[in-house]
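This report describes the fold, overall dimensions and charged side-chain pairs of one protein model. The structure is shown first, and the discussion follows.

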Amino acid sequence: MDSADYGKQWYVLHTYSGYENKVKTNIESRVVSMGMEDNIFRVIVPEEEEVEVKDGKSKTAVHKTFPGYVLIEMIMSDQAWYIVRNTPGVTGFIGSHGAGSKPSPLLPEEIEVILKRMGVQEKVVSDIHVEVGDYVIITEGAFDGMSGKVSEVDQEKQKLKVIIEMFGRETIAELDFIQVKEDDTY
């Protein structure tokens, strides 16, 4: 975990119902105008698409999963807390016991479930350092336990292609960095 990630957690804001998207926009503009990009990261209004059938026609509608609530990923500093708390439309943090106390963050498994339902994944950054020609062991997925040679590396997307031998033939597996570990036997 690098120093920028230290203390970065998800919190829940309570807003006036119907103002969730306005609060999101307000916070995002305040982050930029007040130079808080290193403390306040993502603001999400949890929504789900639902298909509704009306008069025999299906229509996709977006519904707020938690009306009146906004999720915010931030480092809970005094200044960040003050800026978010005093954003128009925000009525408070969930998990705060009043009298200026800082709120409790969501547990990692709670935010994981919410983000997964929305189709948003937490970005997990791997610290593996491999280059084309290096050997890796696949640690999860269909090729778990197999060893292969790296044929392509995309640092930005944290993905790589690995050549593995299967049934006497070479096969290319496209994997995320977090699905492999360095193979020290080569």
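How many helices and strands are there in the protein? There are three helices and 11 strands, where helices (H or I, at least four residues) and strands (E, at least two) are DSSP runs numbered from the N terminus. In sequence order the elements follow the pattern β-α-β-β-β-β-α-β-α-β-β-β-β-β. The radius of gyration of the protein is 22 Å, well over the 16 Å that the globule rule gives for 186 residues, so the protein is more spread out than a compact globule. That radius is taken over C-alpha atoms, and the globule rule is 2.2 Å times the number of residues to the power 0.38. The C-alpha trace spans about 65 × 55 × 30 Å along its principal axes.

The model is predicted: local features need pLDDT of at least 70 and side-chain atom pairs count only at pLDDT 80 or more, whereas totals for chains, interfaces and linings use all residues. Residues are numbered from 1 along each chain as its sequence is written, and side-chain values use heavy atoms, with hydrogens and water left out.

Of the 186 residues, 32% are buried; buried means under 20% relative accessible area, exposed over 50%, and partly exposed in between (1.4 Å probe, protein chains only).

**Charged side chains**

The protein carries 20 positive and 33 negative side chains, with Lys and Arg counted as positive, Asp and Glu as negative, and His and the chain ends not counted. Salt bridges (a side-chain nitrogen of Lys or Arg within 4 Å of a carboxyl oxygen of Asp or Glu) number seven. Three of these pairs, including their closest N and O atoms, are listed below.

| Pair | Closest N and O atoms |
|---|---|
| Glu-73 and Arg-42 | 2.9 Å |
| Lys-102 and Asp-78 | 2.7 Å |
| Lys-159 and Asp-176 | 2.6 Å |

Glu-73 lies in strand S5 (residues 69-75) and Arg-42 in strand S2 (residues 40-44), so their salt bridge ties together parts that are 31 residues apart in sequence. Glu-73 is buried at 7% relative accessibility, whereas Arg-42 is partly exposed at 27%.

Lys-102 and Asp-78 are 24 residues apart, with Lys-102 in the loop between strand S6 (90-93) and helix H3 (108-118) and Asp-78 in helix H2 (residues 78-85). Lys-102 is partly exposed at 32%, and Asp-78 is exposed at 56%.

Lys-159 in strand S9 (residues 159-166) and Asp-176 in strand S10 (residues 169-176) are 17 residues apart. A network of salt bridges also links Glu-152, Lys-161 and Glu-174.

Terms used
Charge placed at Lys NZ, Arg CZ, Asp CG, Glu CD.
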